[in-house]
Amino acid sequence: MKVLLHGAQVFLDGELRAADLSLEQDQATGNWQVEEVRDPQQVGLFTDRIVDLTGKLILPGLADIHVHLREPGFSYKETIPTGTAAAARGGFTTVCAMPNLDPAPDNLAELQAQDAVYDQRAVVEVRPYACLTKGGTGRGELLEYAALSTVAVGFSDDGFGVQDEDAMAEIMRQIAAVGGLVAQHMEDLELSGDGYINDGEYAATHGHIGKPGISEWSQLERDLRLVEQTGCNYHACHLSTKRSVELVRAAKAKGLPVTAEAAPHYLALSDDMLRDEGRFRMNPPIRSRSDMEAVAAALVDGTIDMVATDHAPHSAEEKDGPLASSLNGVVGLEISVPVVYTHFVRNGRMSVADFVRVMCTAPRERFKLGGGQILAGEAADLVVLDPEAEVAVDSADFLSMGHATPFEGDQLFGRIDLTVCQGTPVWDPDRLLDTEVGD
């Protein structure tokens, strides 16, 4: 069976073009392949089923390199099927799973076992991280990085910054020797103290304990000095402060092998928007308006390379209370596209090509994920985005088991209408590729 996706703008060879995609289904596997990129003026010559996508965009499958799927160990928060279903709905065909799990993937046998479960239970491609230290606490023993690098997409103790400078230097030396990548959660725990929101005016006027920005950027400053010494590939997770942006910009000017990410909530929210609700608590916290503006500007100018959600689901009991008693973490897979599209593309700050770069190309290239192109003769790995469709954020409708989002109730633009992962439709609410629809 063949289907023609007609009338859309298709992202091909780095730009949007008016083109039709002919998809052909393999009768044995049921998978869809891009048979041909066609001139839309020739639509009348197509004899199989035609799907009208006028006004929509067809983009390569997106990638999120910072996701918490919670299994094994915490399946009451999220499962691999629910988390990857949320990813599919959000337009992501590849995600990278953080290793703060139980048991932690700090040895090859455990990492291989977890990777095998992802292959069995995930609806999109999942690439696993391994820990940086034993137990993933930022304080444990060093690991067998050479063995782990055969499976791991990178190394991280996300949730904990590696606290000891000498340990971090040795970690970087060993990971550099095997060509690996450190994805660091930058946080000096002594400087963080008991803080749980930004150390700003809202904390001071509402009786909350603040977490200063220096707890992030001081450790980043240390790490970048070590990168210069060791040559280790380094990725800075979830930048939230203006000073962090300045440090990354300076490191890149030196030619250091450094990349950085920002989450949607650091790009579009500031602490003057906070409410005393658990859905506004995450680590690092939402910072000041000047920090937010600096992070957003850095995404536009390329200092920050990519958007990553830090999708971190928790149970209702862990998030439905006030800020002080809630756990850190919010969900983001299902709304990352509309947040970024609304705040950056729709208002003209970024082009669609820039959007594809930060949501697809840059993460795929940096983490060696492959894909990121729509090519004739290859399995379809793509999304259909309706840029004019309104998205009312309603967490009750999420596929993720987590429902805590600071964007609850927001009116955004940019809806994902179809996600096809390596030939398999994984999000198709309108049955665009349903073989029982049409002839």
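Asp199 sits in the loop that runs between strand 12 (197–198) and helix 6 (201–206), and this residue offers a convenient place to enter what is a predicted model. Apart from neighbours within four places in sequence, Asp199 is in contact with Gly210, Lys211 and Pro212. Its C-alpha atom is separated by 60 Å from that of Gln42, a residue 157 positions away along the chain. That span can be set beside the box filled by the C-alpha atoms of the protein chain, which is roughly 70 × 50 × 45 Å along the principal axes.

The chain as a whole comes to 13 helices and 19 strands. Its radius of gyration is 21 Å, close to the 22 Å that the globule rule gives for 439 residues, and the chain is therefore as compact as a globular protein of that length. Of the 439 residues, 58% are buried. Among contacts with a separation of 6 or more, 73% are made by residues 24 or more positions apart. The accessible surface comes to about 16600 Å², and carbon and sulfur atoms account for 47% of that surface. The chain carries 35 positive and 69 negative charges, and the mean positions of these two sets are 3 Å apart.

From the overall picture we can turn to a single side chain and its surroundings. His238 is placed in the loop between strand 14 (233–236) and helix 8 (242–253). Is His238 buried or exposed? Its relative accessibility is 2%, and because buried means under 20%, His238 counts as buried. The side chain of His238 is joined to that of Asp158 by a polar contact of 3.5 Å, and to that of His185 by a polar contact of 3.2 Å. When residues up to four places away in sequence are not counted, His238 touches Asp158 and His185 together with His66, Glu216, Glu261, Tyr266, Asn283, Pro284 and Asp310.

Another loop, between strand 5 (32–38) and strand 6 (49–52), holds Asp48. With a relative accessible area of 35%, Asp48 is partly exposed. Asp48 and Leu69 are 21 residues apart in sequence, while their C-alpha atoms are 39 Å apart in space.

The backbone also deserves a careful look. Most residues other than glycine have a negative phi, and most peptide bonds are trans. Against that background, the peptide bond from Glu71 to Pro72 is cis, with omega near 5 degrees, and Pro72 has its place in the loop between strand 8 (62–67) and helix 1 (80–89). The bond from Asp102 to Pro103 is likewise cis, with omega near 5 degrees, and here Pro103 belongs to the loop between strand 9 (92–97) and helix 2 (108–121).

Which residues have a positive phi although they are not glycine? One of them is Lys368, with a phi of about 55 degrees, found in the loop between helix 13 (352–366) and strand 17 (382–392). The relative accessibility of Lys368 is 65%, and because exposed means over 50%, this residue counts as exposed. Arg431 also has a positive phi of about 55 degrees, and lies in the segment after strand 19 (424–427). Arg431 is partly exposed, with a relative accessible area of 41%.

Methods. Residues numbered from 1 in each chain as written. Predicted model: local features only at pLDDT ≥ 70, side-chain atom pairs only at ≥ 80, totals over all residues. Heavy atoms only, no water. Helix = DSSP H or I, 4+ residues; strand = E, 2+ residues; numbered from the N terminus. Rg over C-alpha atoms; globule rule 2.2 N^0.38 Å. Buried < 20%, exposed > 50% of the residue type's maximum accessible area, 1.4 Å probe, protein only. Contact = heavy atoms within 4.5 Å. Areas by Shrake-Rupley, 256 points an atom, 1.4 Å probe, with all protein chains shown as cover. Lys, Arg positive; Asp, Glu negative; His and termini not counted. Charge placed at Lys NZ, Arg CZ, Asp CG, Glu CD. Polar contact = N/O pair within 3.5 Å; in protein donor to acceptor, adjacent residues only side chain to side chain.
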